[in-house]
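Hi,

Here is the structure I said I would pass on. Have a look at it first, and then read my notes underneath.

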Amino acid sequence: MSVEAEKTEAKGGMRDTVRVIIHALILALIVRVFLFQPFNIPSGSMIPTLLIGDYLFVSKYSYGYSRYSFPFGLNLFSGRVWATDPERGDVVVFKLPRENETDYIKRVIGLPGDEIQMINGVLHINGQAVPKEKVDDYVVKEPSGRERHMARFRETLPNGVSYPVLDLVQSSFGDNTEVYRVPEDHFFMMGDNRDNSTDSRFLSEVGFVPFENLVGKAQVIFFSIDERSSFWEFWKWPTSVRWSRMFDVVN
């Protein structure tokens, strides 16, 4: 083979490599924008369902698409297209309504037209108490080695969706509230860690969440690492990765 032919073959191989990389990047962008977005849990507001250090996939298609489905919130259109309403009990990522930039993750508790109230730590929907049964204690081991016990309950919503909640403090501010009337095209969100969640109970902080602000539905945990470690510290993975949480479905 001549030198010229070798150069031509090398250039062709480089072009093929660049083409494959470009195609892979385009495919990844399509998946990221229209299908699944990775999301990590930075706070304890959804404990015990989701832990700090959980990494999960959020399905973008579950509720249709709005401007907040796209990177940087590009204002391509208003409202939602191919919209499907969330169901009560869904765990949802949404843009914080007061500034439309920060991602929050909470559980859908109230639908449009609902009346929501907390009375002595018990959730009420449209005047009816939601069943709340004591299960056991949720145990957290602190860095000092001391164990902290927190009461864990199980709530069951009117549509049958059941999930665990924590009650850290008796008669906290969020345990007794006014009646919240959910406006049209809005939803009432709450964290499962009831005494450590800034959610729709706090109107000036979160309040009612517009349908347009929903980003997607939490689906599956694909990675989980102890909150005292970082994702990039791979040499700690054997002891810091929560292997038992890998590929858990979010309910």
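Below is what I found, going from the whole chain to single residues.

First, a caution: this is a predicted model.

**The chain as a whole**

The protein chain has 14 strands and two helices. It runs to 251 residues, and 41% of them count as buried. If you take contacts between residues at least 6 apart in sequence, 57% of them join residues at least 24 apart. The exposed area of the chain comes to about 13,700 Å², with 57% of it supplied by carbon and sulfur atoms.

**A four-stranded sheet**

The part I would open first is an open sheet of four strands, in the order E7-E6-E5-E11, with antiparallel pairing. Strand E7 (128-129) and E11 are at its edges; each has a single partner strand, so one side of each is left without a neighbour in the sheet.

E5 is joined to E6 by four bridges and to E11 by two bridges, and E5 and E11 run antiparallel. On the E11 side, glutamate 115 stands opposite arginine 181. On the E6 side, isoleucine 119 has valine 122 as its bridge partner. The hairpin of E5 and E6 has two residues between the strands, and asparagine 120 takes a positive phi there, near 50°.

Which residues of E5 are on its covered face, and which on the uncovered one? Ile116 and Met118 make up the covered face, while Glu115, Gln117 and Ile119 are on the uncovered face. That fits a general pattern, because side chains in a regular strand alternate between the two faces of the sheet.

**The cores**

Ile116 turns up again in the largest nonpolar core, which has 15 residues. Along with Ile109, Leu123, Ile125, Leu157 and Phe188, Ile116 is among the residues that touch the most other members. At least two residues of this core come from each of strand E5 (115-119), strand E6 (122-125), strand E9 (147-156), strand E10 (162-167) and E12. There is another core apart from it, of 13 residues, including Phe39, Leu56, Val58 and Val250. As a general point, nonpolar side chains in soluble globular proteins tend to be buried together.

If you want one residue to click on in the largest core, try leucine 157. Beyond its neighbours within four places in sequence, leucine 157 is in contact with Arg88, Gly89, Val108, Ile109, Leu123, Ile125, Val130 and Tyr163.

**On the surface**

Phe36, Phe57 and Tyr61 form a nonpolar surface patch, with about 250 Å² of accessible area together. Of these, phenylalanine 36 lies in strand E1. Why does phenylalanine 36 count as partly exposed? Its relative accessibility is 32%, and the partly exposed class covers values between 20% and 50%.

Phenylalanine 202 is in the loop between E12 and strand E13 (209-210). Phenylalanine 202 also counts as partly exposed, at 22% relative accessibility. Leaving aside neighbours within four places in sequence, phenylalanine 202 is in contact with Phe173, Ser197 and Gly207. Threonine 177 is 25 residues from phenylalanine 202 along the chain, and their C-alpha atoms are separated by 9.5 Å.

**Backbone details to check**

Three spots are worth a look with the backbone shown.

- Isoleucine 47 and proline 48 are joined by a cis peptide bond, with omega about 10°. Proline 48 is in the loop between strand E1 (36-40) and strand E2 (54-59).
- Aspartate 185 is not a glycine, yet has a positive phi of about 60°. Aspartate 185 is in the loop between strand E11 (180-181) and strand E12 (186-190), and is partly exposed, with a relative accessible area of 46%.
- Phenylalanine 247, not a glycine either, has a positive phi of about 70°. Phenylalanine 247 lies in the segment after helix H2 (237-240) and is exposed, with a relative accessible area of 60%.

That's the lot from me. Over to you.

Cheers

Definitions and conventions. Residues numbered from 1 in each chain as written. Predicted model: local features only at pLDDT ≥ 70, side-chain atom pairs only at ≥ 80, totals over all residues. Heavy atoms only, no water. Buried < 20%, exposed > 50% of the residue type's maximum accessible area, 1.4 Å probe, protein only. Patch = residues over 30% accessible without salt bridge, like charges linked within 9 Å, V, L, I, M, F, W, Y side chains within 5 Å. Areas by Shrake-Rupley, 256 points an atom, 1.4 Å probe, with all protein chains shown as cover. Salt bridge = Lys/Arg side-chain N within 4 Å of Asp/Glu carboxyl O. Core = buried A, V, L, I, M, F, W, Y, C linked by side-chain atoms within 4.5 Å. Contact = heavy atoms within 4.5 Å. Pairing = 2+ DSSP bridges.
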